[in-house]
Each structure stands twice: as C-alpha cells, then as structure tokens.
Amino acid sequence: MASLAPTFGRGAMTNHWVDIKNANVIVVMGGNAAEAHPCGFKWVTEAKAHNKATFIVIDPRFTRSAAMADLYAPIRTGTDIAFLGGVINYLLSHDKIQHEYVKTYTNAALIVNEGYHFEDGLFSGYDEAGRKYDRSTWTCEMGPDGYAKTDETLQHPRCVLNLMKQHYARYTPEAVSNITGTSKEQFLKICEILATTSVPNRTTTFMYALGWTQHSVGSQMIRTAACVQLLLGNIGMPGGGINALRGHSNIQGLTDLGLLSNLLTGYLTLPGEKETDYHAYIDKRTMKPLRPNQFNYWSNYPKFHVSLMKSWWGDKATKENNWCYDYLPKLDVEYDILRQFELMHQGKMNGYFCQGFNPLAALPNKKKLTDGLSKLKFLVVIDPLATDTSCFWENHGEYNDVDPSKIMTEVIRLPSSCFAELDGSLTNSGRWLQWHWAGQEPPGDAKNDNEIMAGIFITLRELYRKEGGAFPDPILNLTWPYKIPHAPSPEELAMEYNGKALEDLADPKDPTKVILKKGLQLDGYGQLKDDGSTACGCWLFSGSYTEKGNMMARRDNSDPSGLGNTLNWAFSWPANRRIMYNRASCDPSGKPWDPNRRLIWWDGEKWTGADVPDFKPDSPPSEGMNPFIMHPEGVARLFALDKMVEGPFPEHYEPFETPIGTNPLHPKVVSNPAARVFKGDMEQFGKASAFPYAGTTYRLTEHFHYWTKHTELSSILQPQQFVEIGEELAKEKGIKAGDMVKVSSNRGHIKAKAVVTKRIKPLQADGKTIHHVGVPIHWGFKGIAKPGYLANTLTPVVGDANSQTPEFKSFLVNIEKV
Amino acid sequence: MSDQSEPIVRYTAPERANHWMVAILFILAALGGLSLFHPYFFWLSNLFGSGTWTRILHPFIGTLMFLSFLGLTGRFWAHNRITAADRQWMSQMGDVLNKRRDRLPEVGRYNAGQKYLFWVMVATMILLLISGILFWQPWFAPYFPIGLIRVAVVVHALSAFVLIMGIIVHIYAAIWTKGSISAMTRGTVTAAWAKHHHPGWYREVSKEVKQ
Amino acid sequence: MALQSLDVIRRSATTTASPHQRETAEVAKLIDVSKCIGCKACQVACMEWNDVRDEIGTNVGVYDNPPDLSGASWTVMRYSEVETDRGLEWLIRKDGCMHCADPGCLKACPAPGAIIQYGNGIVDFHQENCIGCGYCITGCPFNIPRISKKDSKVYKCTLCSDRVAVGLEPACIKSCPTGALVFGTKEDMKHHAEGRIKDLNERGFKNAGLYDPPGVNGTHVMYVLQHADKPEIYHGLARNPSISAWVSIWKGATKPIASWLLGIAALAGFVHYITVGPNEVEKEEKE
C-alpha cells in the first residue's frame with residue numbers, strides 16, 4: 001500500500017479478482033496465489049483456459065502456483081528489485097515500452113530537480129547518523145507558471161525517463177543473474193514475454209502478496225513492478241494492473257478504515273506533533289495541481305476531513321473550534337507494531353489491547369515479544385480463540401519455555417464472535433465491500449466486537465464523567481447515536497461510514513434545487529461538503545449504504561460486457577469503480593487502447609462504458625485531463641518524488657541478513673540505508689558465517705495463519721510443523737524426509753519435521769551457492785494440531801522502511817539433524 | 001487262526017477323539033468357507049449368525065482345525081508311507097470301485113486311496129493356513145502386498161476345493177465300506193472286516209496277538 | 001449411502017437380476033490434473049459432507065496428509081515431483097475410487113448387496129451388508145478400498161451417490177476453486193476433456209490425454225493428464241489397469257464350476273452306492 005499510492009494515487013489492488021481472467025500474461029511474484037489465495041486463483045486458470053494466457057511464476061521455491069505455470073524461474077529471496085530492475089532495463093534498452101502511454105500518462109517527461117543524484121548506492125541527501133534522507137532534492141523543477149516543468153520530447157537529460165534509463169543501465173542481464181541466481185536465459189525469456197504486452201492490445205497482470213511486502217525493501221519491490229507495468233502501459237487496463245492480494249478476508253478493510261496508527265479513515269492522515277495549527281494541517285494535505293487542467297482529487301481533502309469530524313463529534317464539531325481538530329492525537333513518532341513492542345520491551349508501554357491479533361505469533365523475534373509482554377501491567381485479548389498471545393505466560397515445555405511465576409502481567413481474555421457469527425461487510429483485495437450474514441450465534445459468553453468495544457467505551461465515558469481527567473472532551477463529546485448504546489448494530493455502523501446530509505443539500509449547479517434532504521444517506525462522496533453540512537465516517541465507503549439501501553448486499557452477477565465487471569454485485573470503492581485509473585484504458589482521444597476489451601470510452605458527451613469512469617465524467621479528452629486523478633500532476637509516477645523513504649527510484653538492497661554478505665551493485669551500501677533499526681536489534685542480526693542458509697517463512701493452503709491449528713479439519717490436512725529443504729542441502733547435511741531437524745537463527749531455534757524436495761534448488765549468487773530453507777508458519781503451542789514452535793522465533797526485527805512490515809521473507813539460518 | 005468273534009482295535013480313544021475334532025472343525029470351516037466361496041452358498045453364513053460372524057469365526061475355526069489336524073498327522077504319518085503296491089492299487093481304480101478285490105494287490109493298514117488322501121489333506125491344510133493368514137482381516141492382511149494376497153485367495157480357494165473333494169471321497173468311502181464308521185466311532189472292527197479290507201494289516205495284528 | 005432408486009445394474013454376490021427399471025445417464029467426474037493446485041479443499045468437502053474425520057496425524061516428510069486413504073479419508077492428494085523434458089513438474093493427483101465400469105471390488109465381494117453399481121455408473125459400498133472380509137481390496141486394480149479400524153467395514157468414495165441422486169454434484173466438485181474438478185454426464189466430460197487436452201497440446205504437452213482406461217471398460221472418474229503416455233509418474237497411477245488375472249480366476253467361471261463339481265462328486269457317490277452297492281464283508285468271510 002505504501003508504494004501503490006505514491007505511484008498511482010491509491011493504495012490498493014488496481015484491478016479486481018475477476019478481471020485477472022482478462023490478462024494475456026500473468027506474473028505471480030512475491031506471492032503464491034495458488035497456495036494462499038486458492039479461490040482467487042481460479043481467475044488465473046480462467047485466463048489460461050479461455051484467454052490463452054501465459055502464466056509465469058518467479059519464486060525461490062517451486063510452489064503450488066509454479067506447478068500451474070507455463071514458465072517458472074527460481075530467484076534468491078530478497079532480490080526482486082534486481083530482477084525487475086533488469087526488466088526495466090530490458091524494456092528501455094530494447095524499446096519495448098508503450099510510448100504514447102508512457103509519455104502521456106506517466107511522469108516520464110517531468111524534469112527533476114538539479115540537486116537529485118544517485119551514487120554508490122545512495123540518493124542525494126543521505127544522513128548517515130540518522131539513517132534517513134533529506135528528500136528535498138527528490139522533486140521536480142518548477143516553471144514560472146507555478147506548474148512542474150516537462151519535456152514532451154523526452155530529450156532533457158534530467159527528465160524522468162532518461163534518469164530512469166541511467167539508473168537501471170546497471171541492471172544488465174549478467175548483473176541480474178549474479179544477484180538473483182536466476183539464469184540469464186530464464187531471465188531474458190521472461191523479459192521477452194513481458195515485452196510482448198507493450199503493445200496496446202495485450203496486457204500483463206502482476207499478482208503479489210506478502211512475498212513482496214515482508215522485506216526491508218518491500219514497498220520498493222512493488223514499486224519496481226508498478227514501473228514495469230507503467231512502461232508496458234498496463235495500468236487501468238482490463239487484464240492489467242498491480243494486484244495486491246490481501247491475505248486476511250478483511251485486511252483491505254482494515255487499512256481503508258485507518259486502523260494503522262498514523263491514519264484516519266479513508267487514508268486521511270493523523271497530524272504530527274508539530275502540526276498544532278488546523279489550517280496548516282489542512283493546507284499541507286490539500287494538494288495543489290502540479291500540471292494544468294488536472295482533477296487533483298486530493299484537493300477535496302477538507303471535505304473528507306470535516307465530514308469525518310462531523311461524523312465523530314456531531315454538533316460539537318464547529319467551524320469555530322476547527323471541527324474539533326484539537327481532539328485528534330498528534331503523533332511524535334509512528335506507533336507501528338514493531339515500535340509498540342520495542343516500547344513494551346523498554347518498559348515504556350504498560351497496557352496493551354489486542355483485538356483479533358496474535359502478535360506473539362505474528363511479529364518477529366518471539367523472545368523479544370515474550371519479554372515485552374512480560375513487562376506489561378495488563379494485556380487485554382479480544383479474540384474468538386485462546387491465542388498463543390493470550391497464553392504467552394503459560395509453560396508449554398520446549399514450545400513455550402517460560403516461568404509463569406516470574407510473569408506478573410494480568411491477562412484479561414474477552415471472548416469474541418468469529419466472522420461467521422455476525423453480520424457485516426468484508427472488503428476483499430479487489431476493494432469489494434461484500435455484506436455477509438451471521439451463520440450462527442456466538443458460543444457461550446462470546447460477544448461480537450462491536451458490543452465489547454461499546455461496553456468498554458461506555459464504562460470509560462462513565463469514569464470520565466464521574467472523575468474528570470486530563471482531557472475528557474473527546475470521549476464525553478463523541479457521537480453515540482446507536483439504538484442500543486451498548487451494542488451498535490453493523491447496519492448502523494455501515495450507514496455511519498456512508499455518511500448523511502446534516503442540512504438540506506443544494507445542487508451546486510442550481511442552488512435553488514435541493515438534491516438531498518437533511519438526514520438522508522449520501523449517494524456518494526461527491527456530495528461531501530467542508531462546511532459541516534455532511535457527516536461521513538469514511539469517505540471511500542460513501543455510496544455503500546445509500547437511501548436505496550445496502551449496496552454491499554447486492555448480489556446481481558450480470559456481466560453485460562463479459563469483462564467481469566459486475567457493477568451490481570456488492571459495492572467497490574471508490575464510487576463502485578471496479579478497475580481503478582480506467583481512464584488509462586483509453587488513448588488520449590478517449591478510444592479504448594484495445595477494441596476487444598472496451599472498459600470505458602468518451603461517447604462525445606461523457607465518459608461511459610462497462611465500469612464507473614475513474615475520471616471527471618464530463619471532461620472531454622480535448623481538455624487534457626490525465627487519468628491518475630488522485631495525483632496533483634494527473635499522471636502516474638515512475639519517479640516517486642519524495643513519497644518513498646529510501647529513494648524515488650527503487651534500488652536493490654540486500655536483506656539485512658544476506659547470505660552473500662555484500663551488495664554486488666554497491667558493496668558499501670549493502671542493505672536499505674533508510675530502514676529503521678532499533679538499538680539492540682542491529683546486534684541481533686546474524687552473519688552468513690554462522691547461519692549460511694537463506695531462511696524464508698510462508699503460508700500453506702491447508703492453514704490460515706495461527707487460527708486453524710485450532711480447527712480439526714485443517715489440522716488433519718497438515719498436522720505437524722515442518723520445514724522444507726532441497727535435496728542437495730539434505731544430502732550435505734545427512735537429512736532424510738521425515739527426520740526431525742533443528743533450524744536456528746541468531747535469535748533462537750525451532751524444531752520441525754524435514755520435507756526434502758526437488759522444488760528448492762541451490763542457486764548461484766555472487767559466486768556462492770545459496771540454499772534456501774523454507775519455514776511454514778502455522779504452528780504454535782496452542783490448538784489441536786501437533787504442538788510446534790512459533791516460526792517467528794527465528795525472524796529478525798526490521799521492517800520495510802515505509803510500512804514497517806517485518807522482514808519475514810529473508811533471513812539467515814542454520815539447519816541440522818536432531 | 002485267531003478267534004473271529006473277538007473285535008480288533010483299529011483306533012484308540014484319543015485317536016477317535018482327535019479325528020472327530022478335526023471332522024467337526026472341518027465341517028464348520030467348510031460351511032463357513034463355502035458361504036463366502038460363491039453366492040450359491042451365502043445362506044450358509046446364517047448358521048454362524050451372519051456374514052460378518054462367518055468372516056470373524058472362519059479363520060479361527062480354520063486355525064483350530066489345522067492345529068487338531070497336526071495331531072492326526074503325527075499319529076498317522078508312519079502308516080501312510082506310499083509303497084510300490086500302493087501305486088499298483090491306484091492304477092486299478094476300476095477294480096476298486098467294482099469291488100474286484102481279488103485282482104488288487106494286498107492292502108495293509110490303509111489302502112493307497114486312504115494314504116493319498118492323507119497326503120492331500122496334509123498339503124491342503126498347510127496351504128490353507130498360510131494363504132489364509134495372508135488375507136486374514138483385519139489382523140494380518142494389511143501387512144502383505146496386494147499381489148501376494150491376490151495369489152493367496154486363489155490358493156486358498158483351490159486348496160479348499162481339493163480338500164472338500166477329498167473329504168467327499170473320504171466320507172463316501174466310509175459310508176460305502178460298511179464297518180468303517182463304527183471303526184471310528186467304537187474303535188474296533190471285526191476280524192472278518194480286517195481280513196477283507198486290510199488283509200496285510202490283519203496278518204500283522206493277528207501275529208501280535210499270537211505272540 | 002443408498003441411492004434409493006430402481007437403477008441398480010449390478011449387485012455383489014447376487015445371481016439374480018438387480019432392480020433396474022429406470023435408465024439413467026452415465027455420469028463422470030473429470031479431474032483435470034493440469035488445473036489442480038493441491039489445495040485439499042476436496043478432502044475437506046469430502047470429510048464434511050460425509051461427516052467423517054481422520055485422525056490428526058504426523059508429518060511424514062511430504063505434503064500428502066493424511067498420508068493415505070483410510071476409512072475416514074475417501075480421497076487424498078498425491079504429490080509427485082517429477083523431472084520431465086519440461087523441467088521440474090509438481091504433479092498433484094486427487095486419488096480415490098475410479099468407479100470402474102467393470103468394478104473389481106464388486107466382482108470380488110462375497111456379501112450380497114454390499115457393493116452395487118448404479119445405472120449412472122456409480123459403484124457404491126453399502127456398509128450395512130459389508131462383512132469386512134477385504135476381498136474388494138484384492139479385486140480393486142487401483143488399491144482404493146480401506147478397512148476402517150473402527151468398525152472393520154470397508155469405505156471408499158461414493159461419488160456422493162446421495163447428492164447425485166437428488167441432482168447435486170459431488171461435494172468435492174462444489175468445493176474445487178480452480179475448476180480442476182468437473183462433473184456431468186460421461187459424454188459431456190469427455191467433450192470437456194477434449195478442449196482441455198487441446199489447450200495442453202498448444203502449451204507444449206504433446207502427450208496430454210484423457211485417462212479412461214479400457215482395461216476396466218472405462219471409469220466414471222477420469223483424469224486429464226499432461227503426460228497421458230506416462231500415467232505411472234502420477235504417483236503410480238496404473239498404466240493399463242484391469243482386474244487382476246488371479247482375481248478373475250478366483251471369481252470367474254472357476255467358482256461355479258468348482259461348486260458344481262462338488263455337487264457332482266456327492267451325487268456320483270450316491271449313484272455309485274445305488275448301482276454298485278455297499279462294500280460289505282461277505283457272509284461266508286465273516287463266518
């Protein structure tokens with residue numbers, strides 16, 4: 001998400017599951033869709049069966065997805081940027097790009113600030129002591145008209161395309177093969193196939209998941225693929241796109257609703273501690289157009305923000321008090337999960353609420369986590385299951401060897417319902433909000449999460465009311481309009497997110513007409529106002545529960561275009577659009593690039609077609625408005641400007657635990673120079689001399705994270721923890737299939753059964769033979785499957801520099817027979 | 001000449017008991033086996049309660065039969081050595097069946113037919129036991145390869161067929177040869193019977209009595 | 001489970017005609033191995049629909065789990081890592097009853113009505129008639145039936161005869177996410193397979209083909225194989241399965257002939273007794 005928004009404008013899967021069937025080439029890289037998304041993977045088989053699609057898998061292991069592939073290439077874990085950077089180099093040097101698309105719809109022509117440079121692995125502005133960049137030179141040159149300067153001829157040496165050529169010239173097929181371990185032949189074969197989709201009527205789609213996000217350079221891996229897709233002209237196209245496959249059925253909903261510590265709903269952002277002035281806060285986020293005639297949708301930020309504040313604090317939020325701006329917390333730093341446990345570990349965080357989350361299993365370095373949890377005064381766990389986290393203090397022999405008598409943390413477990421026991425919506429990877437209905441009542445004393453949270457809130461509010469406190473206002477003044485205050489219904493919450501009119505809303509074109517009466521549900525976020533006359537809990541979800549009813553509950557799967565755009569099935573944010581940036585599926589004159597896959601088009605008066613246009617519906621092509629409407633420049637970014645922490649162009653950095661110990665591109669800068677590493681964690685990184693093998697964790701189709709070890713059927717299908725190694729390594733180590741082995745990293749060890757396979761082959765990288773050790777994650781000390789070790793005993797504490805997603809995919813281990 | 005009215009002991013009480021034990025177990029095993037041999041006979045499984053009970057009991061009955069038969073084998077092994085005269089006797093089966101005794105070689109304790117039957121029984125019993133164990137569900141069958149089991153069921157069925165055929169001959173011979181059944185029930189035969197059917201044996205026995 | 005309709009075409013250990021008033025179309029399950037991702041959803045669907053649960057076992061060094069068919073696992077995935085001329089392939093085959101047109105299990109079964117074959121081709125075990133002898137195991141050319149440790153009855157895939165009887169597809173078909181499992185009339189499935197084979201041919205699988213072995217007169221579970229010329233690379237799928245010659249000898253004409261021979265032997269004795277008369281010690285000898 002932290003890479004797609006800087007590139008395209010919104011942080012989500014650009015297309016949707018069904019649309020994958022329209023692809024000509026499908027690349028699964030940084031993911032294993034057949035394994036982790038078997039139901040969605042159906043659309044790959046559809047594309048193969050009905051669209052003659054070529055299916056490519058690039059992965060360190062020959063996965064279940066690879067079993068379905070026309071072409072599989074192995075790659076050393078953590079080197080995807082090198083691979084894809086090589087693809088960029090190939091496309092540029094072989095002139096296999098879609099020229100008109102690149103010139104018009106990307107920032108290829110943008111002229112970059114003179115101060116920008118890249119040397120020896122570092123971009124301009126690096127502060128070594130602070131491990132961060134001053135990003136002020138990663139900007140564009142501004143013209144006297146206040147707009148960014150461009151060179152439409154693409155001749156300027158500092159135009160983005162030329163800088164890109166220069167940057168990736170180092171990624172020759174030889175260099176790629178040396179870093180990734182992929183053979184030059186396989187790499188070039190894949191380049192050739194991808195290059196076939198640079199024509200307007202062929203598309204590639206990329207499918208990825210945690211195999212990209214869980215790296216210290218994860219966001220940049222995704223961005224590299226995004227750049228490839230832009231060069232090929234595949235964004236906005238049916239059968240194209242960058243498809244982020246979300247693992248949890250509602251994890252897209254989690255980010256949409258702002259459950260990350262620095263976000264408000266709909267990707268609005270919390271202020272920092274220096275942003276005490278409301279107007280400065282709003283101004284900074286209300287984007288000014290960088291190019292003329294652009295839609296610049298974030299110019300509507302104040303409408304989204306004010307409507308959110310009205311939704312939360314109702315009449316108490318007034319223009320005079322800046323819509324309760326002071327009620328919002330102001331962040332000194334980001335409180336992401338890695339920092340939370342760092343603070344716990346330091347004894348600075350004393351209480352922890354853990355709702356539908358099993359951090360002891362889900363976060364790196366189990367020992368550090370257990371130490372942190374042991375220092376808490378209280379831990380509240382809201383979960384349907386007796387999670388490993390809620391039992392972190394129990395001794396389970398070798399699997400959880402703690403001394404309960406030494407742990408003083410008070411653990412309070414609040415049993416909740418599971419997803420099948422309440423109504424509500426789930427937001428899938430393709431941004432569809434699909435309503436679902438409870439299958440049964442929750443068992444025993446379990447309550448649904450709404451009820452639990454409402455109970456806590458009401459009790460807290462009562463305490464504030466009685467006892468006062470430092471700042472009771474945000475709590476006391478919070479709107480709480482639910483019919484049953486201690487149990488808000490899912491419908492009430494859904495309606496609140498959609499938003500409603502607080503006054504009669506006038507037609508902007510004819511102020512004498514009322515388009516929406518006071519109190520009615522909004523039709524969509526186009527009706528939002530920044531004058532306090534609308535309330536909306538999440539602007540992106542506006543349109544999902546209108547006066548016509550619950551749009552998320554629609555189940556009409558008719559598909560008139562045959563492209564799989566079922567506009568009357570559920571609701572897709574934004575504004576029920578199925579394929580984002582779909583204006584880019586047409587050439588600048590408004591005609592679809594591919595006459596056989598007509599998604600939208602300009603009919604002379606308006607934009608129309610098989611999808612909701614992601615565009616100003618009445619802006620004629622002659623107006624020159626560009627398709628990436630969330631960006632102030634209207635185009636997608638090959639050069640990310642200052643939006644990414646470690647550089648405007650993705651650069652290959654080794655994992656923090658690298659089996660080759662160097663970076664062949666620039667030996668002085670081995671790993672991500674801007675990734676945050678806490679003191680103490682740096683020392684915990686292991687070296688290849690002691691831990692020579694590349695470890696990587698992953699999921700199996702038989703299980704879901706750490707939940708299904710509690711369910712019988714899944715436990716029957718994969719009863720016991722195992723690790724996978726190649727036949728060569730097994731032979732070297734005298735390990736046979738079914739042997740018990742010990743896998744250790746610098747942070748701890750696990751024991752598991754060995755699966756010895758032909759599917760993991762040793763790779764040659766930088767003159768060394770690299771063996772991978774695969775560690776599936778699903779076991780732990782709680783549940784009915786055979787007890788096992790939490791895989792994150794092994795993993796290092798470092799996250800992606802932009803999103804802080806931990807580096808679970810690349811670390812160093814040793815393995816020996818027990 | 002010995003006293004003709006004095007009965008001659010042909011089988012001792014333990015021999016008779018052993019024989020009848022084998023006989024009863026054979027009948028049970030055969031009925032159970034036949035019921036699983038062909039649908040014609042499946043109704044016989046009702047004698048054991050049900051098809052399932054038949055399946056459960058049959059291998060145990062068979063094993064017991066084999067063990068009992070081991071006793072008989074020990075007792076009668078030496079009496080059943082095949083001689084040249086026996087082969088001659090067998091070749092004149094027409095004379096045997098038409099009671100033209102005068103044309104046949106002299107018969108000892110057992111005639112050649114009885115001896116061959118004995119050895120057929122020894123062979124089939126061993127084959128039945130081994131092949132039966134190979135597909136004895138659920139105890140032993142899971143440990144053997146399917147190819148071997150397929151051979152075993154055929155061997156078992158064939159052996160059983162041969163054995164049953166043999167026993168039919170055996171029983172008929174007993175019915176046909178008057179005085180034989182009482183030999184196995186009462187243990188004795190008349191001197192006339194002995195002289196008539198087993199003159200060689202009769203001579204031996206009378207010698208023993210004289211001395 | 002019993003399909004309660006009058007379209008039984010064969011019944012184990014039964015010498016009279018089976019109830020067969022209705023003519024039903026032959027059905028088939030088509031397993032497209034080239035589309036199977038080995039997710040085991042079909043294993044779960046099978047356990048759920050039939051409400052059976054295998055034990056929570058151990059890992060034995062492979063992905064296959066449960067590691068074999070059992071009284072409670074009527075279908076399992078078989079994973080084979082094979083190096084072919086195309087490089088490494090991970091062939092994943094859903095194993096279970098093939099519902100042969102000429103079922104060896106039914107032929108071998110001694111218990112009347114324990115195994116029946118419906119007009120639609122489904123071969124079904126009726127466990128209430130099963131005596132637990134395991135003869136069906138020896139009869140099966142695919143090594144499918146398993147004796148349950150719990151009740152000593154034999155179990156295997158029913159092709160969801162209960163669902164099919166009321167017009168539903170088998171549970172595994174419903175659960176398959178990729179369309180690797182399809183169900184319909186045997187004719188339609190053959191037609192569907194043709195399309196798949198054409199696609200595979202175009203993707204370079206020159207020997208792709210349908211597995212519908214003639215040795216058992218065809219099956220009602222068929223495979224689309226990428227390498228139909230080498231079925232054995234799919235975890236030992238039989239190249240040309242047929243009912244074992246031993247089983248045919250045992251269960252073929254030999255049995256009625258043997259039965260008749262036994263009867264004739266007894267009869268011959270009777271006739272001999274009547275005609276030749278008993279072998280008695282003559283009076284003069286006695287005296």
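Chain A holds 22 helices and 31 strands, where helices (H or I, at least four residues) and strands (E, at least two) are DSSP runs numbered from the N terminus. This is a predicted model, in which local features need pLDDT of at least 70, side-chain atom pairs count only at pLDDT 80 or more, and totals for chains, interfaces and linings use all residues. Residues are numbered from 1 along each chain as its sequence is written, while chains are lettered from A and ligands numbered from 1 in the order in which they are written.

As for overall shape, the radius of gyration of chain A is 26 Å, which agrees with the value near 28 Å that a compact globule of 818 residues would have; the radius is taken over C-alpha atoms, and the globule rule is 2.2 Å times the number of residues to the power 0.38. The C-alpha atoms of chain A fit a box of roughly 85 × 70 × 55 Å along the principal axes. Of the 818 residues in chain A, 55% are buried (20 or more other C-beta atoms within 10 Å of the residue's own, with C-beta atoms placed from the backbone).

Chain B has nine helices and two strands, and from the N terminus on these run β-α-α-α-α-α-α-α-β-α-α. Its C-alpha trace spans about 65 × 35 × 30 Å along the principal axes, and 36% of the 211 residues of chain B count as buried.

Now for how the chains meet. No contact (C-beta atoms, placed from the backbone, within 7 Å) joins chain A and chain B, and their closest C-alpha atoms lie 22 Å apart. Of the two pairs of chains that touch, chains B and C have the most contacts. Here 38 residues of chain B are in contact with 37 residues of chain C. On the chain B side, α6(B) gives the largest share, 13 residues. That side of chain B breaks down into 23 nonpolar, ten polar and five charged residues (Ala, Val, Leu, Ile, Met, Phe, Trp, Tyr, Cys and Pro count as nonpolar, Asp, Glu, Lys and Arg as charged, and the others, Gly among them, as polar).

Within this interface, the axes of α6(B) and α8(C) come within 10 Å and cross at roughly 10°; axes are lines fitted to C-alpha atoms, for helices over the stretch in contact, and angles run from 0 to 180 degrees between N-to-C directions. The two helices, α6(B) and α8(C), are therefore roughly parallel to each other (an angle under 35 degrees). Among the residues of α6(B) that meet α8(C) are B:Phe161 and B:Trp176, and the residues of this contact divide into eleven nonpolar, one polar and no charged.

Technical notes
Buried ≥ 20, exposed ≤ 12 C-beta atoms within 10 Å, placed from the backbone. Parallel < 35°, antiparallel > 145°, perpendicular 65-115°, else oblique.
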